[in-house]
Amino acid sequence: MANFSLRKAEPKDVTDILRLIKELAKFEEMEEQVVLTEKELLEDGFGEHPFYHCLIAEVPEEHKSSDGHTVVGFAMYYFTYDPWIGKLLYLEDFYVMPEYRGYGIGSHIFQRLSETAVKTRCSSMHFIVAEWNSKSIEFYKRRGAADLSLEEGWRLFEIDKQSLLKMVAK
């Protein structure tokens with residue numbers, strides 16, 4: 001099975017995008033943290049000013065998954081800006097269903113993301129990877145990724161919605 005296509009996500013894809021987000025979260029043992037809805041995905045990704053972009057990997061109907069899906073992978077990304085180096089492509093989520101791994105789908109998605117970054121004059125592509133996900137770490141390193149947490153000592157922080165609301169209320 002080497003027959004697949006990559007395309008820009010369309011509004012009709014939000015059900016599959018959310019399904020794949022949940023599959024990825026389950027793989028990361030964080031499924032209960034997915035609170036996003038299809039409505040939010042639709043509004044946030046397909047409005048006048050989309051907050052994200054998404055690539056879809058799709059197989060023909062005759063190669064659909066064991067549970068009947070033809071959308072078998074995705075990459076969600078957006079553009080951001082670093083005041084030192086300029087435009088960046090930030091890869092937020094990247095997932096290929098397990099039964100479709102090993103066919104080059106992930107490599108093609110990553111190549112398309114790289115082409116997008118170059119075409120839009122980004123200085124680099126950034127993303128985070130769970131420390132325990134050695135297969136993904138090796139995948140990225142083979143393609144030239146540098147682990148900034150080791151090389152530059154940066155730490156990732158989050159201020160959750162509750163904390164944001166507290167700060168606004170003061």
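Trainee: In this predicted model, which side chain does Arg19 meet in a salt bridge?

Mentor: A salt bridge requires a side-chain nitrogen of Lys or Arg within 4 Å of a carboxyl oxygen of Asp or Glu. For Arg19, the N to O distance in its salt bridge is 3.1 Å. The partner that supplies the acidic side chain is Glu23.

Trainee: By about how many helical turns are Arg19 and Glu23 separated?

Mentor: Both residues belong to helix H1, which covers residues 14-27. Arg19 and Glu23 are four residues apart there, so the separation is about one helical turn.

Trainee: Is Arg19 buried or exposed?

Mentor: The term buried applies under 20% relative accessible area. Glu23, its salt-bridge partner, has 21% and is therefore partly exposed. Arg19 has a relative accessibility of 14%, so it counts as buried.

Trainee: With which residue does Glu43 form a salt bridge?

Mentor: The partner lies in helix H2 (residues 38-46), as does Glu43, and the two are four residues apart, about one turn of the helix. Glu43 is partly exposed at 46% relative accessibility, whereas its partner is exposed at 56%. The closest N and O atoms are 2.6 Å apart, and the partner is Lys39.

Trainee: How many salt bridges does the structure hold?

Mentor: One further pair is Glu61 and Lys64, whose side chains meet at 3.2 Å, N to O; Lys64 is partly exposed, at 41%. In addition, Arg7, Glu10, Lys12, Asp13 and Glu58 are linked in a network of salt bridges. For the structure, the number of salt bridges is eight.

Trainee: How many aromatic pairs does the count come to?

Mentor: Rings of Phe, Tyr and Trp pair if their centres lie within 6.5 Å. By this rule, the number of aromatic pairs is 12.

Trainee: What kind of pair do the rings of Phe46 and Tyr52 make?

Mentor: Their centres are 6.2 Å apart, and their planes stand at 85 degrees. Phe46 is partly exposed at 26% relative accessibility, whereas Tyr52 is buried at 7%. Planes over 60 degrees apart count as edge-to-face, and the pair of Phe46 and Tyr52 is therefore edge-to-face.

Trainee: At what angle do the planes of Tyr77 and Phe79 lie?

Mentor: The ring centres of Tyr77 and Phe79 are 5.9 Å apart, and the pair is edge-to-face. Tyr77 counts as buried at 9% relative accessibility, while Phe79 is partly exposed at 36%. The angle between the two planes is 90 degrees.

Trainee: Over the ring of which residue does the charged end of Arg143 sit?

Mentor: Phe94, Phe110, Phe127, Phe139 and Tyr140 form one aromatic cluster, and the ring in question is part of that cluster. The charged end of Arg143 is 3.7 Å from the centre of this ring. The residue is Phe139.

Trainee: How far does Arg101 lie from the ring centre of Phe27?

Mentor: A charge sits over a ring if, among other conditions, CZ of Arg is within 6 Å of the ring centre. Arg101 lies over the face of Phe27, and the distance from the ring centre is 5.6 Å.

Trainee: How far apart in space are Tyr95 and Leu20, C-alpha to C-alpha?

Mentor: Tyr95 is in strand S4 (residues 86-96) and is buried, with 6% relative accessibility. Beyond its neighbours within four places in sequence, Tyr95 is in contact with several residues, including Leu20, Glu23 and Arg101. Tyr95 and Leu20 are 75 residues apart in sequence, yet their C-alpha distance in space is 7.2 Å.

Trainee: Near what value is phi of Glu29?

Mentor: Glu29 lies in the loop between H1 and H2 and is exposed, with 70% relative accessible area. Arg121, in the loop between helix H3 (105-119) and strand S5 (124-126), also has a positive phi although it is not a glycine. For Glu29, phi is positive and near 60 degrees.

Trainee: About how much accessible area do Trp84, Ile85, Leu148 and Trp154 have together?

Mentor: These four residues form a nonpolar patch on the surface. One of them, Trp154, lies in the loop between helix H5 (148-151) and helix H6 (161-169) and is exposed at 53%. Together, the accessible area of the patch is about 520 Å².

Terms used: Residues numbered from 1 in each chain as written. Predicted model: local features only at pLDDT ≥ 70, side-chain atom pairs only at ≥ 80, totals over all residues. Heavy atoms only, no water. Patch = residues over 30% accessible without salt bridge, like charges linked within 9 Å, V, L, I, M, F, W, Y side chains within 5 Å. Areas by Shrake-Rupley, 256 points an atom, 1.4 Å probe, with all protein chains shown as cover. Buried < 20%, exposed > 50% of the residue type's maximum accessible area, 1.4 Å probe, protein only. Phe/Tyr/Trp six-rings, centres within 6.5 Å; stacked < 30°, edge-to-face > 60°. Lys NZ or Arg CZ within 6 Å of the ring centre and 35° of its normal. Contact = heavy atoms within 4.5 Å.
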